[in-house]
Amino acid sequence: MMQAMIALVKREYLEHRGAFVFGPAILLGLMLLASLYMTWSVSFDARLHEEMSSALRFYEAAFAFLAAGWWIYLLVMLFFYFADAFSSDSRNNSMLFWKSMPQTDFKIFGAKMTAAFTVFPTAILLAVAISGVIAYLPAFSAGNVLAGFSPPGPFETIGAYFNILAVAIVFYALGLLWYAPFFAWVGLLSVLFRRWAIPLAFLIPVTAGLFENLLTRRWERDGGLILNFLKERMNFRFQGLDFETVWVLGEPWNAPGLIVRMFAGVNWTSLAGGLAVAVILVFLASEYRRRYVLT
């Protein structure tokens with residue numbers, strides 16, 4: 001049973017490694033070239049000295065910015081993955097291991113969810129880790145070029161690297177769990193409507209929200225229950241922790257302290273409820289496919 005699940009997850013990796021392995025590899029190559037160009041050919045603005053207290057601070061900002069960029073990349077790629085993967089098995093695909101291993105549709109979809117929340121984020125986090133190494137090049141150059149700066153020391157750079165990476169890992173894990181019902185929603189629509197799942201994932205809730213406002217006339221007061229709920233749910237944040245404020249105040253990247261604040265600031269009830277909804281949506285998608293798609 002476990003071997004079948006591993007095979008199904010491996011199939012997902014092989015079929016979608018272009019977006020989660022090859023694509024990031026190309027971006028990392030371009031990032032390295034840009035960093036080398038900045039290191040040898042670009043002069044830094046002197047005003048950077050006023051905005052950054054040290055070259056180490058510059059490195060932390062660059063690494064954190066790259067980690068945020070990879071987070072956005074992961075969300076976008078997972079959205080398109082779920083918009084296609086739940087219906088792609090109905091096509092004549094040479095990688096259909098499940099046809100030779102009789103598995104339930106729910107287990108097949110479970111393997112897709114497992115790949116989406118473990119294998120693919122791990123690949124992107126590896127890209128984040130490599131980005132942290134690349135980010136040292138412009139920081140080193142800034143330390144040499146700007147007056148009053150010095151290149152970040154190896155020990156303080158390693159400390160900052162692992163602090164930011166640890167925070168990124170926890171942020172990615174909690175964020176993916178938070179957005180799980182949205183991905184499951186796109187997957188369900190993929191089974192029902194195939195390629196139309198992408199526009200319908202937005203059109204259906206927005207239409208429902210507008211219709212609610214036409215009936216209740218709550219637009220000027222709070223925007224309606226549906227749209228207000230979606231707005232709050234889409235805004236993944238930690239109560240009592242604002243990373244932008246942490247940066248502006250110049251607080252150090254202390255991973256243990258930030259992670260404790262992250263866990264304390266999560267709305268665990270809402271997160272657990274969202275996971276329950278995701279399981280229900282995946283079950284409904286598997287039942288629909290079992291009954292109507294592959295029969």
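## Pockets and nonpolar core of a predicted model

The lining of the largest pocket draws at least two residues from each of helix 3, helix 8 (180-193), helix 9 (197-216), helix 10 (225-234) and helix 13 (268-293). The model described here is predicted. Among the contributors to this lining, helix 10 gives the most, with 6 residues. The largest pocket holds about 720 Å³ of space. It is lined by 23 residues, and those closest to its centre are Phe182, Trp185, Ala201, Leu230 and Met234.

The second largest pocket holds about 600 Å³ of space. Of its 22 lining residues, Ala64, Ala68, Phe171, Phe243 and Trp253 lie nearest the centre. Two or more residues of this lining come from each of helix 3, helix 7 (154-178) and helix 11 (243-248). Helix 3 gives the most here, with 7 residues.

The table sets out the lining of each pocket by residue class.

| Pocket | Nonpolar | Polar | Charged |
|---|---|---|---|
| Largest pocket | 21 residues | 1 residue | 1 residue |
| Second largest pocket | 19 residues | no residues | 3 residues |

Helix 3 also has a part in the nonpolar core. The largest nonpolar core has 78 residues, and within this core Trp70 and Tyr172 touch the most other members. Helix 3 (residues 55-88) supplies the largest share of the core, 18 residues. Beyond its neighbours within four places in sequence, Tyr172 is in contact with Ala67, Trp70, Trp71, Leu74, Ile124, Leu125 and Val128.

Terms used:
Residues numbered from 1 in each chain as written. Predicted model: local features only at pLDDT ≥ 70, side-chain atom pairs only at ≥ 80, totals over all residues. Heavy atoms only, no water. Core = buried A, V, L, I, M, F, W, Y, C linked by side-chain atoms within 4.5 Å. Buried < 20%, exposed > 50% of the residue type's maximum accessible area, 1.4 Å probe, protein only. Helix = DSSP H or I, 4+ residues; strand = E, 2+ residues; numbered from the N terminus. Contact = heavy atoms within 4.5 Å. 1 Å grid on protein atoms, 1.4 Å probe; cavity = no way out; pocket = protein on both sides within 12 Å on 5 of 7 lines; lining within 4 Å. Points joined across faces, edges and corners; volume = space filled by probe spheres on them. Nonpolar A, V, L, I, M, F, W, Y, C, P; charged D, E, K, R; others polar.
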